[in-house]
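Me: I am new to this structure and would like a close look at one part of it. Please take me through the sheet, strand by strand, and then show me what lies around it.

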Amino acid sequence: MTTIAILGAGKIGEALLSGVLAAGRTPESLMFTERYPARVTELTERYGVRGVSTEEAARTADVLVVAVKPQDIEPLLVSLAGSITSGTLVVSLAAGLPTSLYERHLPAGTPVVRVMPNTAMLVGEAMSAISPGTHATAAHLQLVEDLLSSVGKVVRVAETQQDAVTALSGSGPAYFFFLVEAMIDAGILLGLPRDVSTQLIIQSAVGAATMLRDSGEHPVALREAVTSPGGTTIAAIRELENHAVRAALLSAIEAAALRSVELGRAHD
Ligand SMILES: NC(=O)C1=CN([C@@H]2O[C@H](COP(=O)(O)OP(=O)(O)OC[C@H]3O[C@@H](n4cnc5c(N)ncnc54)[C@H](OP(=O)(O)O)[C@@H]3O)[C@@H](O)[C@H]2O)C=CC1
Ligand SMILES: O=C(O)[C@@H]1CCC=N1
């Protein structure tokens, strides 16, 4: 089995670790790096996976998955440049960072695949988009697709589209959590106990998400089917339109894409 090292096992690194283990990958085929010994102990106890140094990961793993914040990439690239084995595949999960950044710092010919996953890897429902760098072959891309397919859905996109993907599905779960949080508070405003409000909203979200995925209907048709003439839903929709929620979402997602571009430019 291919050995995979996750470099930086924070939120998304741990989500990947946990997701691929749940999907049947063995702990022996995985390793991770982390900055602080306490975090290494915590993750090793939780998953039975070895914490190693960046140098050991670079020397021994077949695939290096970079999951540090874009702001932390430079020192990591310096360590990797001095220790990476020729032909090792580098998979970047970092927002904004282009494959060309890795190609500039790492030995000539290093294959790189850029990925934008999301946190739903934790529950096997991730949405990931993958793009090859200059030296990544069809086999490299297939390997990454197979790995990420074990924790959710995968699409292949041109690297030029990765900032938009980051804004949509990379950050996407946060927008839904934000909406759910606000809707639960609305229940509190209406006098419901918090646990009841939470149950009502989460199950409505699960039901709506399942209908969106499985019914084959357009979201507009699904929303119209809930919106009875002269009823409650249209009264709420009027308020959402009055508060320009649609425009706010367009601006918010555009801001996320611009931030992704900015994170990449910081390393030009
Ligand atoms: N969170 C998400 O939902 C998603 C995140 N991403 C991308 O994943 C990356 C990580 O994000 P996220 O998980 O949220 O961030 P976190 O800060 O939770 O995780 C990054 C981890 O890497 C550690 N780290 C930093 N430098 C090194 C190093 N040289 N060697 C080993 N470990 C190191 C950090 O330690 P310390 O805490 O000490 O800094 C931290 O634990 C980012 O590039 C982000 O763009 C992509 C998609 C979704
Ligand atoms: O907020 C971020 O920058 C990362 C990238 C996508 C989701 N989380």
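Reply: What follows starts with the whole chain, turns to the sheet, and ends with the ligands and an annotated loop.

Keep in mind that this is a predicted model. The protein chain has 268 residues, and 34% of them count as buried. Its C-alpha trace spans about 70 × 40 × 30 Å along the principal axes. There are 12 helices and eight strands in the protein chain. Take the contacts between residues at least 6 apart in sequence: 66% of them join residues at least 24 apart.

Now the sheet. It is open and has eight strands. Read across, the order is β3-β2-β1-β4-β5-β6-β7-β8. The pairing is mixed. Start at the edges, where β3 (50–51) and β8 (152–156) stand. Each has a single partner strand, so one side of each is left without a neighbour in the sheet.

Helix α6, residues 138–149, packs on this sheet. It touches β5 (89–92), β6 (112–116), β7 (126–132) and β8. The direction of α6 makes about 175 degrees with that of β7.

Move to the pair β1 and β4. Strand β1 covers residues 4–7, and strand β4 covers residues 63–66. They pair in the parallel sense, over four bridges. Here I6 stands opposite V65 in β4.

Next comes β7. This strand is mostly covered, with six of its seven residues buried. With β6 it pairs in the antiparallel sense, over four bridges. M116 stands opposite A129 in β7. With β8, β7 runs parallel, and five bridges join the two. There, M127 stands opposite K153 in β8. So β7 meets one neighbour antiparallel and the other parallel.

Follow the chain beyond β4. V68 lies in the loop between β4 and α4. P70 has its place in the loop between β4 and α4 too. The UniProt annotation "binding site", from an unreviewed entry, covers A67, V68, K69 and P70.

Is V68 buried or exposed? V68 counts as buried, because it has 22 C-beta neighbours inside 10 Å. P70 has 19 C-beta neighbours inside 10 Å, so it counts as partly exposed. The cut-off for buried is 20 or more.

Their contacts come next, leaving out residues up to four places away in sequence. V68 touches L7, G8, I73, L76 and A94. P70 touches A94, A95, G96, L97 and L263. A94 is thus in the list for V68 and in the list for P70.

That leads to the ligands. Around ligand 1 there are 26 residues. The closest are G8, G10, K11, A94 and A95. Two helices, α1 (11–22) and α4 (73–83), each supply at least two residues of this shell. The largest share, three residues, comes from α1. By class, the shell has 13 nonpolar, eight polar and five charged residues.

Ligand 2 has A95, T166, G170 and S171 around it. One of these residues is nonpolar and three are polar, with no charged residues. A95 is one of the closest residues to ligand 1, and A95 is also among the residues around ligand 2.

Note on methods
Residues are numbered from 1 along each chain as its sequence is written. Chains are lettered from A and ligands numbered from 1 in the order in which they are written. This is a predicted model: local features need pLDDT of at least 70, side-chain atom pairs count only at pLDDT 80 or more; totals for chains, interfaces and linings use all residues. A residue is near a molecule or strand if its C-beta atom, placed from the backbone, lies within 6 Å of it. Ala, Val, Leu, Ile, Met, Phe, Trp, Tyr, Cys and Pro count as nonpolar, Asp, Glu, Lys and Arg as charged, and the others, Gly among them, as polar. Two strands pair if DSSP finds at least two bridges between them. Two residues are in contact if their C-beta atoms, placed from the backbone, lie within 7 Å. Axes are lines fitted to C-alpha atoms, for helices over the stretch in contact, and angles run from 0 to 180 degrees between N-to-C directions. A residue is buried if 20 or more other C-beta atoms lie within 10 Å of its own, exposed if 12 or fewer, and partly exposed in between; C-beta atoms are placed from the backbone. UniProt positions are given in the numbering used here, feature names are shortened, and annotations may be inferred rather than shown by experiment.
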